[in-house]
Amino acid sequence: MIPSPISSHSLPRVDALGKVTGQACYPGDITPNNLLHGKVLFSGQPHARMISMDLSAALALPGVVAIFTAKDVPNNEYGLIMPDQPVMVGLGSSKPHSDVSLWEGDHVAVIVAETELAAAQARDKIEIEWEQLPIVTDVREAMKDEIILHPWHGSNILHKYQIRKGDMAAGWAAADVVVEGSYTLPYQEHAYLQPEAGLGYIDEEGRVTIEIGGQWTYEDQEQVAHALGLPADQIRIIYPAIGGAFGGREDMSLQIVLGLAALRLQERGIKRPLRIIWSREESIVGHHKRHRAVVHTKWGATKEGMITAVSSELILDSGSYAYTSTKVLGNAHLMVTGPYVIPNAHLDSYAVTTNNVPGGAFRGFGGPQGAFAAENQMNKLAEKLGIDPVELRLKNVLHDGSILTVQSPMPPGVSIDQVIERCAAEIGWGDSNQLSVNGHQFSSIQSLIANPQSLCHGRGIACSFKNVGFSFGAPERCEATIALHGQREIERVVLYHGAAEVGQGSHTVLKQMAAAAVGVDISQVELVMSDTATSGDSGSVSASRMTWMAGNSIRGAAEKALAAWASEERPAKGYVRFTPPPTTGYAEETGECMPNFAYGYVAEAVELTVDVETGHIHVDKVVCANDVGKAINPMLIQGQIEGAVVQAHGYSLMENLWVENGRIRNPFFSQYLIPGIKDIPDHVESVIMEIPDPIGPWGARGMAEMPFMPLAPAIIAALHDATGVWFDEIPLTPARVVAKLREHGIGG
Amino acid sequence: MKVSMTVNGKTYTRDVEPRMLLVHFLRDELGMTGTNIGCDTSQCGACTIHMNGMAVKSCTTLAVQADGATITTIEGLANGSELHPMQKAFWENHGLQCGYCTPGMIMAATKLVENNPNMTEAEIRHGLEGNICRCTGYENIVRSVKAAAAQMGGGD
C-alpha cells in the first residue's frame with residue numbers, strides 16, 4: 001500500500017482549551033467524594049539501619065485512618081531495570097536488606113487520614129530509631145568498595161561498559177597533536193511545574209487503580225503489580241493531564257504507595273479513594289536527577305585534522321538505586337566520542353552506587369554528559385591544530401555506513417554534515433563582523449550598568465547525534481488500535497493509544513498522523529488515550545521516540561483497519577504491535593553491538609557576552625539546526641527546540657543543586673534557580689531541517705532531546721572565544737567564571 | 001474565622017482557619033482547581049489570580065486577607081463560552097505545553113495588558129518575571145501576549 005501523505009501543519013494543540021480555561025485536570029485536581037488524604041514519610045537517612053518504629057502516637061491522632069509500612073508490602077521491591085529498591089524501608093519486610101535506608105528519599109510510611117493536615121501531623125508523630133551507617137558520596141571513594149552499599153551486588157560499581165576498537169598504540173603514533181581534558185558535569189533537577197500527585201482507588205471492576213502523571217502506563221502497571229504481588233490486569237493506570245516530565249516521571253514516585261494503600265484499605269473494608277500531593281520540596285528530594293558525571297578523555301589527531309584515537313574514562317554517580325542508570329550509562333558511553341569516525345578507541349564507562357540522590361532519565365539520557373566531553377575536545381583540537389571548528393567537524397563526522405566505535409555501521413539517513421553546515425551558515429560562521437552584540441542592560445539591577453570595557457564577546461559551535469527509540473537490545477514496541485465507524489463513508493476514526501501527553505504535544509501529533517494514515521480530516525479523529533483499561537502498550541514517552549514509534553504503529557493499524565473496512569467490517573478495526581529493526585547490547589570485552597535503529601542530528605551556535613569583572617554571562621543568540629526528518633507540526637517542534645535550549649541554558653549557566661553528605665540542601669525554587677523569562681537567550685533561532693529518516697513515519701525523526709545536547713559545549717566554546725580561557729565544569733555561575741578568569745589574570 | 005469574597009462574580013462565605021492560604025481556599029473550599037500550586041515559595045506564579053484589580057500570587061495571600069475582595073480566577077476569565085483574547089492567543093500561538101503554568105501566566109499577562117496595551121517586548125518580559133515556565137522557553141508565551149495585546153486594543 002502507498003501510504004497517504006501528511007502535510008506539515010501547526011495544528012493548535014488538541015488539549016489547549018482545558019489548559020487555557022483551568023478545566024484541564026491534573027492528578028492533584030481530582031477530588032472525588034469521600035476522599036482520603038495521604039502523606040509519605042521519607043527516611044531522611046542517606047545511610048542508616050532502622051532499629052525500631054513506633055506508630056502509636058501517630059495512630060492516636062484524630063482523623064488518622066491507617067498507616068502502612070514495609071511489612072504491609074506484599075513484595076517489597078521495585079525498580080525500572082532491576083528491583084533493587086524497597087517500596088518502603090522498614091522492619092518486617094518480605095525482602096532482605098530492606099531495613100536499611102540508602103537515600104534520604106527512601107519511603108518509610110504512607111499515612112492515610114481524613115484531612116491533609118491530619119496526615120501531616122501524624123507523619124510528624126512517627127518515632128523511628130536509626131543506627132547510623134557510614135555514607136559514601138564520592139564516586140571514586142565508592143569505587144574502592146570499602147563500604148558496599150548493596151550487599152547482594154558485591155560492588156558499588158553498578159555497571160561498567162568498555163569499548164576496544166583498533167590499535168591504540170598505532171592511533172597515538174599517528175597523532176600529531178593530542179588534547180587531554182577532564183570534565184565535571186552537575187546534577188540537574190527536572191523542575192516540571194506540577195509536583196508529583198496522584199489518586200488511588202479500587203475501580204468498578206475491582207482493579208487497583210492509580211491516576212497519576214507518568215511516562216509509560218504499562219511500565220507503571222508492571223511495577224505496581226510486581227510490588228503488590230497481583231497480576232498486571234488487576235492494576236489499572238490512568239494518566240490525566242500531566243504537568244511536564246522530561247524523564248523525571250519515568251520511574252515510580254507515588255504509584256506503588258497509592259496502589260498499596262488502596263488495596264490495604266479495601267481489605268479493611270474502607271473503599272474510599274486516596275489522594276497524595278507532594279510539595280515542591282518533596283518533589284525535589286523525592287525523585288531522581290540528571291546524573292552528575294566526571295569524564296577524563298584524550299583525543300589524538302593528525303595535523304590535517306583527522307582523529308586517530310580516543311581514550312576516555314566516564315563515571316556517572318548513579319546514587320543509591322539503579323533507576324535507569326545502566327541505560328543512561330550506555331548512551332553516555334556511545335556519545336562520549338561524538339558523531340565522529342574514531343578509528344581507534346579505548347573507552348571505559350562506569351555507573352557507581354553512592355548514598356546520593358539517584359541519577360536517572362532526563363532529556364538527553366546520558367547524551368549531554370558524553371557530548372560535553374566530545375564537543376569540548378573537538379573545539380580544543382581545532383584550536384590546537386589551527387583548523388576552523390566547523391571544518392574540523394566536517395572532516396570527521398559520521399556518514400551513512402560509517403563504522404561506529406562499537407564496530408557496526410550507522411543506519412542510513414545520516415545528516416550531521418548538512419546540519420552543521422546549515423547551522424554555520426545561519427549564524428554567519430567565519431564572519432566575526434556579524435557577531436550580534438546588542439545593547440543589553442546586562443545586569444538585571446538597573447543601577448549596576450556594566451563597564452563596557454569589561455564586556456567580552458564570543459561565538460562557539462557544537463553538534464550532537466542522539467538515538468531515537470530504545471537502544472542496546474531493550475525490547476522495543478508500540479501498539480495502536482484504530483476503529484473506523486460509519487456505514488458507506490468513514491464518519492469517525494477512533495485511535496486507541498497509550499502515548500503519554502506530558503506537554504510535548506503527542507496527542508496533537510498522533511491525531512494528525514491518524515487522520516493522514518486513514519485519509520480523513522483531523523476533525524473526524526477521536527482519541528482514547530493513556531488508560532491501561534482501553535489502550536495498548538505504547539512504550540514510554542522518552543528517547544525522542546513517540547512520534548517515530550507511534551507514527552509507524554498508527555500507519556500499520558490504519559492499513560489493517562482500511563482492509564477490514566474494504567471487507568465490509570463495521571466498525572472496521574485494525575490493531576498493530578509495531579517493532580522496529582532489532583538492536584543489540586554491548587559485547588563485554590569489545591563493546592561491539594548494533595546500538596540503535598534511528599538517530600536525530602543537531603548543531604548549535606552561540607553568541608554571548610561575558611562581563612569579566614563580575615563573571616556574568618549573557619547569551620545574545622542561539623541558532624539551533626535540528627534535522628527532524630519531517631516536520632508534522634512545525635510550531636510544536638519550534639516549541640520543543642526553544643524549551644530544550646532554555647533547559648540546557650539553565651544546565652549550563654545557573655542550575656546548581658547542592659548535595660552535601662547525601663542530602664539535598666536547596667530543594668526549593670527559591671534556592672535551586674531555573675531560568676526565568678529574563679535569564680534566557682535574547683534570541684533562539686530554530687532552523688527546522690527535513691532530511692527524511694528512511695524508516696521513520698513519513699520520514700520523521702525524533703527531535704525533542706537533541707537541542708538540549710550541544711548547547712553547553714557551544715557556550716563553553718563561545719566563552720573561550722571571548723576570553724581565551726577553557727572552562728571544564730558547569731554550571732558557569734558568576735563565582736566559578738570569575739575565579740577561573742582571575743587564575744588567568746583576567747579582570748579584577 | 002468567617003471570610004466572604006466574590007469569586008468570578010459569585011459571593012462565597014466560609015469559616016476557615018486563619019492560616020489558610022487563598023490558593024487553598026479557592027481549590028479546596030470552592031473546588032476551583034484551575035489555579036495551580038507549583039512551588040510553595042512564591043517563585044513560580046502558577047497560582048496567580050486577580051484580586052481587587054491586581055495580579056496576585058494566591059499562595060502568598062491568606063484567605064482572610066481576601067475578606068471582602070473581588071477575585072477573578074482562570075475559570076472566570078472567559079465570557080461564557082467566549083474565550084478571553086489572552087486565552088485564545090495562548091491556544092493559537094502555542095503559548096503552552098504541559099499547561100501547568102498557563103493559568104497563572106494568563107492571569108499575569110492579562111493584567112499587564114489591561115494596564116498597558118502598548119507594551120514593548122521588553123516590558124512584557126519584565127512583567128512576566130514572576131512566572132516560571134519549564135516547557136516552552138518563553139518565546140511562544142511572549143508571542144501569545146503580543147497577539148492578545150493587539151486584540152485587546154493595543155497598537156492604537
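1. Let me start with an arginine that caught my eye in this predicted model. A:R363 is buried but takes part in no salt bridge. The nearest side chain of opposite charge belongs to A:E705, and that one is 7.2 Å away. The residue sits in the loop between β15 (345–353) and α10 (367–385) of chain A. What does the side chain of A:R363 reach? It comes to the backbone oxygen of A:A704, at 2.9 Å.

2. The surroundings of A:R363 deserve a look too. Setting aside neighbours within four places in sequence, A:R363 is in contact with A:F246, A:R290, A:P368, A:Q640, A:G643, A:A644, A:Q647, A:A704, A:E705 and A:F708. Note that A:E705 appears among these contacts, even though A:R363 has no salt bridge.

3. So where does A:E705 find a partner of opposite charge? It forms a salt bridge with A:K466, with the closest N and O atoms 3.0 Å apart. This pair links distant parts of the chain: A:K466 belongs to strand β16 (residues 455–467), whereas A:E705 is in the loop between β25 (684–689) and α16 (711–723), 239 residues apart. A:K466 counts as buried, at 1% relative accessibility. A:E705 is buried as well, with a relative accessible area of 7%.

4. A further salt bridge involves strand β15, which precedes the loop of A:R363. A:D348 pairs with A:K160, the closest N and O atoms lying 3.4 Å apart. Because A:D348 lies in β15 and A:K160 in strand β7 (residues 157–165) of chain A, the pair ties together parts that are 188 residues apart in sequence. Are the two partners buried or partly exposed? A:D348 is buried, with a relative accessible area of 12%, while A:K160 is partly exposed at 34%.

5. Chain B offers a salt bridge of its own. B:R19 forms it with B:E17, and the closest N and O atoms are 3.4 Å apart. B:R19 counts as exposed, at 52% relative accessibility, and B:E17 as partly exposed, at 44%. Back in chain A, salt bridges that share partners join A:D203, A:E204, A:E205, A:R207, A:R236 and A:D531 into one network. Over all chains, the count of salt bridges comes to 47.

6. Now for the aromatic rings. The structure holds 14 aromatic pairs over all chains. A:F472 and A:Y586 form one that is stacked, at 4.5 Å centre to centre and with 25° between the planes. This pair also links distant parts of the chain: A:F472 is in the loop between β16 and β17 (478–485), and A:Y586 is in the loop between β20 (572–578) and β21 (599–611), 114 residues apart. A:F472 counts as buried at 14% relative accessibility, and A:Y586 counts as buried at 12%. A tilted pair is formed by A:Y599 and A:Y601, with 6.4 Å centre to centre and 40° between the planes. Both of these tyrosines, A:Y599 and A:Y601, are buried.

7. The stacked pair does not stand alone. Which residues do ring pairs link into a cluster with A:F472 and A:Y586? The addition is A:Y161, giving a cluster of A:Y161, A:F472 and A:Y586.

8. Helix α9 (residues 325–335) of chain A is worth finding in the viewer. As 10 of its 11 residues are buried, it is largely enclosed by the rest of the structure. The buried residues include A:S325, A:V328, A:L329, A:H333 and A:M335. What covers them? The elements include β7, β14 (307–319), β15, α10, β16 and β21 of chain A.

9. Elsewhere, A:I67 lies in strand β3 (residues 64–68) of chain A. It is buried, with a relative accessible area of 6%. Not counting residues up to four places away in sequence, A:I67 touches A:L55, A:A58, A:L59, A:D72, A:A109, A:V110, A:I111 and A:I126. The C-alpha atoms of A:I67 and A:V179 are separated by 58 Å, with their places 112 residues apart along the chain.

10. Finally, a word on confidence. The predictor gives the complex an ipTM of 0.97 and a pTM of 0.97. For chain B the mean pLDDT is 96, and 98% of its residues reach 70 or more.

Conventions:
Residues are numbered from 1 along each chain as its sequence is written. Chains are lettered from A and ligands numbered from 1 in the order in which they are written. This is a predicted model: local features need pLDDT of at least 70, side-chain atom pairs count only at pLDDT 80 or more; totals for chains, interfaces and linings use all residues. Side-chain values use heavy atoms; hydrogens and water are left out. Helices (H or I, at least four residues) and strands (E, at least two) are DSSP runs, numbered from the N terminus. Buried means under 20% relative accessible area, exposed over 50%, partly exposed in between (1.4 Å probe, protein chains only). Lys and Arg count as positive and Asp and Glu as negative; His and the chain ends are not counted. A salt bridge is a side-chain nitrogen of Lys or Arg within 4 Å of a carboxyl oxygen of Asp or Glu. A polar contact is a pair of N or O atoms within 3.5 Å; within protein, one must be able to donate a hydrogen and the other to accept it, and residues adjacent in sequence count only if both atoms are side-chain atoms. Contact means heavy atoms within 4.5 Å. pLDDT is the predictor's confidence in each residue, from 0 to 100. Rings of Phe, Tyr and Trp (its six-membered ring) pair if their centres lie within 6.5 Å; planes under 30 degrees apart count as stacked, over 60 as edge-to-face and the rest as tilted.
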